Amino acid sequence: MFMVLGCGTMALVMGDTMAGTLAVPLVASHRLGAGVALVDLQWIASAAAITYAAALAAAGRLADAVGRRRVLLAGLLIFALGGAAAAIAPDLVVLVAARALQGAGAGAIVPASLALLLTQLPATRRAAAIGAWSASSGLGGIPLHGAGGWLAELWNWRLLFAPAAVAGLLLAVVAMMLPADRGDRADRWRRVPDPIGTLMLLGGLTALVLALSKGQQWGWPSLLGLISMAFGMLLIALVRSCGHRAPAIDLTLWRRPRFLLAALIALMYGLVSLALLSTAPFLLRHWQLPLPLIGLALAPLSASVLTSSLLAGPLVRRRGVRPVIYIGVLVVVGAALWQLQAGLRPEPQLALWMAACLLMGVGLGMISTGASAAATLTAGSDHYASAVGASMTARQLGGAIGVAVGMLLLEHPPLRGPMPGNSAVFALIIGGVAVAGFAALFLHPTAAPPAPATKAAGGSDAPIGAPAAQRSAPAPATPGPVPASAASLSPIPVLAGQLIEAIDYVLASQSTSVRSPRNRIRQPAGRQP
């Protein structure tokens, strides 16, 4: 049941993202979009993306504080309500507001669902669960890519949003069947993150995503104003978090070098994937493909993301995140170079394009799973939702940058040739995954997540539904795991020429950890590590 909820929510969010993108050109030809500029219709997709990115970090902190099931259930109901409102929207204003509501709900269910899933699994199965959770995004994209355009053209664009309402309600019913979150009610609400800091965090992230996605369109004065507002509000949230007993920003995560590197990789993943997805339809339209075939031409990308993410999870458990990310980087770079060399022509190259998409999806799925595992498993069980929310926020910020830069490259290509704008986008993709591979060089191959210092919201760290004796019994003391401190960073020199040597080293090395005396957990008297 936990796996159904975790994977179902991720598939639901990705499918709804695709629905919003497909709806834009269809609404333009409907009476709802009559006389409205295409750039204004983009708010159908942008409204959900902005609120989704803004809500992730705050919702993750809230889920760790008051209970993952509560936040997941509330997010699913909000998401379903937004989907129903979008499906019956009488005008464009209501449609955009409904999409914003959907984005806020999605920002709550994504971190809560994965955190709820991971706390129910033993450590040996968590990496595979993260792979399945990442693969679910491909599962949500395949139906919309393959059939969404045809269905919407045959019937109505409203059909794109109706499944979100129905599936959201069904998953909410499943969430209600889970045991309630445990723990003392008064203690749980004392752990609620700082309300003022949370509002500053939400406002700052909203302004930042607006600046990245709409600043170029609105002009320099608006762009500078939004960036100033974003950094001011985020600074207030950061300052308040430094001294608050329940901070809005989980600074314990951001002090860990391993988490910082994972967030950088997530940001690069968002930049690369969204730059590709936002600009690919323009290339396919240049080849005179109708809308249904454009979705079908992108289906191999979602299918291969699904497959490679499922395979990457067990590989992370056996070999660590570093070789998984390396393989993903090499595959994406190879596919992009192939596309640059042979596929970007004025005449249609559909077969080559779909083959390159298949390869690129394999690489992106491995990078996504590796980055998610590195970020989430760095945190203890107390901070799973916070880690997911923070790393997904980095991914969404990278996506906003990728969309803005990708569109800029299409309009003002810096390269020359038959398809200069798309060639520049693929050059950006190569650069982005190269940065991700560079960051992965510093990830310690065997660093483990730190043991939780406090009880998670709900009391014990035992799985929900475990016997009372199991939940109340203190956990036996164990030797402290390796923290991601400066001492645990890999000493591999950061030179591109040593990449293959680094891969060989990781694959051949044993799973050993370097311990620092100051980081060990003290053992009770009479117990030896």
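Q: What relative accessible area goes with Arg240 being partly exposed?
A: This is a predicted model, where local features need pLDDT of at least 70 and side-chain atom pairs count only at pLDDT 80 or more, while totals for chains, interfaces and linings use all residues. Residues are numbered from 1 along each chain as its sequence is written, and side-chain values use heavy atoms, leaving out hydrogens and water. Buried means under 20% relative accessible area, exposed over 50%, and partly exposed in between (1.4 Å probe, protein chains only). Arg240 sits in that middle class, at 30%.

Q: Which residue meets Arg240 in a salt bridge?
A: A salt bridge here is a side-chain nitrogen of Lys or Arg within 4 Å of a carboxyl oxygen of Asp or Glu. For Arg240 the N to O distance is 2.6 Å. The partner is buried, at 2% relative accessible area; it's Asp194.

Q: How many residues apart in sequence are the parts that Arg99 and Asp16 tie together?
A: The closest N and O atoms of this salt bridge are 2.7 Å apart. Arg99 is buried at 1%, and Asp16 is buried too, at 6%. Arg99 belongs to helix H5 and Asp16 to helix H1 (helices are DSSP runs of H or I, at least four residues; strands are E, at least two; numbering starts at the N terminus). So the pair links parts whose separation in sequence, in residues, is 83.

Q: How far apart are the C-alpha atoms of Thr369 and Ala128?
A: Thr369 lies in helix H15 and is buried, with 0% relative accessible area. Along the chain, Ala128 is 241 residues away from Thr369. Their C-alpha separation is 9.3 Å.
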